[in-house]
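The following exercises practise reading burial, strand pairing and salt bridges from a structure. Please attempt each task before consulting its solution.

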Amino acid sequence: MKMVSNSSIALLVIAGGKSRRMGHDKRWLKWQGKSFLDCIVRKAIIAGFSEIIICAETASPEIMKLSQKYSFVEFVFDEIEGFGPMEGLHQGLKHMNADYGWAVSCDMPFFDFQSAKILLHINEEKLPLAIVPLTEGRWQPLASIYSKNILSLVEQKIKNGDGRMKSIMLEKDILKVDCTEIKEIFFNVNNEGDYRMALARNTNMKRNTPLISISATQSNTGKTSFIEMLIKELSSIDLKCGVIKHTHHEITAEDEDGKDSQRFLLAGAEAVAV
């Protein structure tokens, strides 16, 4: 087995820009003081890739501004409409000089090349068409490494009207690598809820004591039962937790039996406050 270095492969940043589920262009969502797209480029620079190619849908004003900032980064654009990430991969493979390209979506804020280096172990006797991470059995085609030799297959699928990235995963000579242990780095932001979750997780990573907020727009939606289950789950992996509850009701001593505070303590909370 040979371990390929980042310096011998290209990074293909898949950055289409449709963002249908988000409702607005998620490439420019703020992350650690910069945009998602800016952050992945900076990660690539630090990781030492031989080539960095941004695969975008069109040359928007924001994209062109970014190209002026990173003059050494190549920007390529879709030639065929309606094929999403598949066309982005197509253009990246077509323009890269390296034999392999690591295609990564720009909407994975926690993606870490160092953690994912397990994908770089390649058997030289039988080079795969693609190296695909699996997390709990789920393919991650937009965090995979693709051989330039797969270009003709991608072009054929587009010609046949097939823009499904997962269709590539069913081909022969695709090496699948179990990455369940590092599944957190593959979290991708598809909608506003995902974005808020990512921001909260990023903040918690900086805290000595992480915080989890549970809220709902109305009563009787199951918050208390959910928190009970969460306490039990955290306790089962030896994590101590406490609960702080906000209430607009008057607090009296008679409220204790069978109420939320008692239920949280019985579930295993170390302390409860109202």
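**Exercise 1.** In this predicted model, determine whether E136 counts as buried or exposed.

*Solution.* Step 1: the relative accessibility of E136 is 59%. Step 2: the cut-off for exposed is over 50%. Step 3: E136 therefore counts as exposed.

**Exercise 2.** Identify the residue whose side chain meets that of E136 in a salt bridge, and state what the pair ties together.

*Solution.* Step 1: the side chains of E136 and K183 meet, with an N to O distance of 2.7 Å. Step 2: E136 lies in the loop between β9 and β10, and K183 in the loop between β12 and α6, so the pair ties together parts that are 47 residues apart in sequence. Step 3: K183, at 37% relative accessibility, counts as partly exposed.

**Exercise 3.** Explain why strand β7 is described as largely enclosed by the rest of the structure.

*Solution.* Step 1: in a regular strand, side chains alternate between the two faces of the sheet. Step 2: on one side of β7, Y100, W102 and V104 are buried; on the other, G101, A103 and S105 are buried. Step 3: six of the six residues of β7 are thus buried, so the strand is largely enclosed.

**Exercise 4.** Establish which strands pair with β7, and in which sense.

*Solution.* Step 1: β2 runs parallel to β7, and five bridges join them; A10 stands opposite G101. Step 2: β11 pairs with β7 in the antiparallel sense over five bridges; there, S144 is the bridge partner of A103.

Terms used: Residues are numbered from 1 along each chain as its sequence is written. This is a predicted model: local features need pLDDT of at least 70, side-chain atom pairs count only at pLDDT 80 or more; totals for chains, interfaces and linings use all residues. Side-chain values use heavy atoms; hydrogens and water are left out. Buried means under 20% relative accessible area, exposed over 50%, partly exposed in between (1.4 Å probe, protein chains only). Helices (H or I, at least four residues) and strands (E, at least two) are DSSP runs, numbered from the N terminus. Two strands pair if DSSP finds at least two bridges between them. A salt bridge is a side-chain nitrogen of Lys or Arg within 4 Å of a carboxyl oxygen of Asp or Glu.
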